[in-house]
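Open the model in your viewer, switch on side chains as sticks, and follow along. Each stop gives you something to select and tells you what is there.

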Amino acid sequence: MALYRRGSQRANSVAPLDFAGADVEAGITEVERLYGARGAAAMFQVCDVVAPADLDQRLARRGYRLQEPCTCLAKALSVAERMPPGIEIAERAGEDWLSVYFTGVTPSRRAAAPSILSRVPPPAAFLLRRQQGVPISVALAVAHDGVVIAECVATHPEHRRKGASEHIMRALEAWGVAHGARVAALQAVAANAPAQALYTKLDYRPVGGYHYRVLDR
């Protein structure tokens, strides 16, 4: 379990990919105790490969609420991918990058974001596109083991529905290829219709999914 950080579900949740104990219910109770000590609601991220396999049903029986189903999407990359013009690439999130990213997140998440983003391991790239000098679109690319992960894809509200996010995603894919990636992957909220439409247009396909279980007490 990560140390509790306001506003970030992934940073706040237990990711139970393995379980070596003998008593699942006791383990869940201990998680609830740890969250309670921080004044936070216990939260689990439940994915397709969760352990134990019946964890979701156990949490539901204990009164955990289903929250924010997400899809995991991926696509094969071509070695011919080329970086679009006008993309700025940095190793850290600068003020202009954050100014665009913050337009799509809650105030509490803005407070936690700089600390979380500063810990992203290399190789990583903070991609920024400007229009007439104004920052309009950003993304975070992280490469690992032949895969480039897309995170923090955002476009300023005044420039949405004009192709800016597609442009920054093309840049992310090209950066990934240059760093050995042959697959691009990302997670998107299932109910976010504009994002889902964009990724479908870019040939991303579902490969899995996850959701959160939260105990409101």
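Begin by selecting Tyr204, which counts as buried because its relative accessibility is 2% (buried means under 20% relative accessible area, exposed over 50%, partly exposed in between, with a 1.4 Å probe and protein chains only). This is a predicted model, in which local features need pLDDT of at least 70 and side-chain atom pairs count only at pLDDT 80 or more, while totals for chains, interfaces and linings use all residues. Residues are numbered from 1 along each chain as its sequence is written, and side-chain values use heavy atoms, with hydrogens and water left out.

**Aromatic pairs**

Which rings pair up? Rings of Phe, Tyr and Trp (its six-membered ring) do so if their centres lie within 6.5 Å; planes under 30 degrees apart count as stacked, over 60 as edge-to-face and the rest as tilted. That rule gives 6 aromatic pairs. Select Tyr101 and Phe102: their ring centres are 6.2 Å apart and their planes meet at 45 degrees, so this pair is tilted. Tyr101 and Phe102 are both buried.

Now add Tyr199 to Tyr204 for an edge-to-face pair, with 5.9 Å from centre to centre and 70 degrees between the planes. Tyr199 is buried too, at 7% relative accessibility.

Next, show Trp97, Tyr101, Phe102 and Phe126 together, since they form one aromatic cluster.

**Ser99**

Move to Ser99 in helix α4 (residues 95–101). Helices (H or I, at least four residues) and strands (E, at least two) are DSSP runs, numbered from the N terminus. Is Ser99 buried, partly exposed or exposed? With 37% relative accessibility, Ser99 counts as partly exposed. A polar atom of its side chain lies 2.6 Å from the backbone oxygen of Asp96. Then draw a C-alpha to C-alpha distance from Ser99 to Ile136: 9.2 Å in space, for residues 37 apart in sequence.

**Helix α2**

Select residues 24–37, the 14 residues of α2; at 1.5 Å a residue they should span 20 Å, and the end C-alpha atoms are indeed 20 Å apart (the expected span is 1.5 Å times one less than the number of residues). Colour Val24, Ile28, Val31, Glu32 and Tyr35, which are buried. Look down the axis: the buried residues fall within an arc of 100 degrees, so they line one face of the helix (the arc is that of the directions from the helix axis to the C-beta atoms). They pack against α1 (9–12), β1 (43–47) and α3 (55–61), where contact means heavy atoms within 4.5 Å.

Finish at the two ends. At the start of α2, a side-chain oxygen of Asp23 comes within 3.2 Å of the backbone nitrogen of Glu25. After α2 comes Gly39, with a positive phi near 70 degrees.

How values were computed: Polar contact = N/O pair within 3.5 Å; in protein donor to acceptor, adjacent residues only side chain to side chain.
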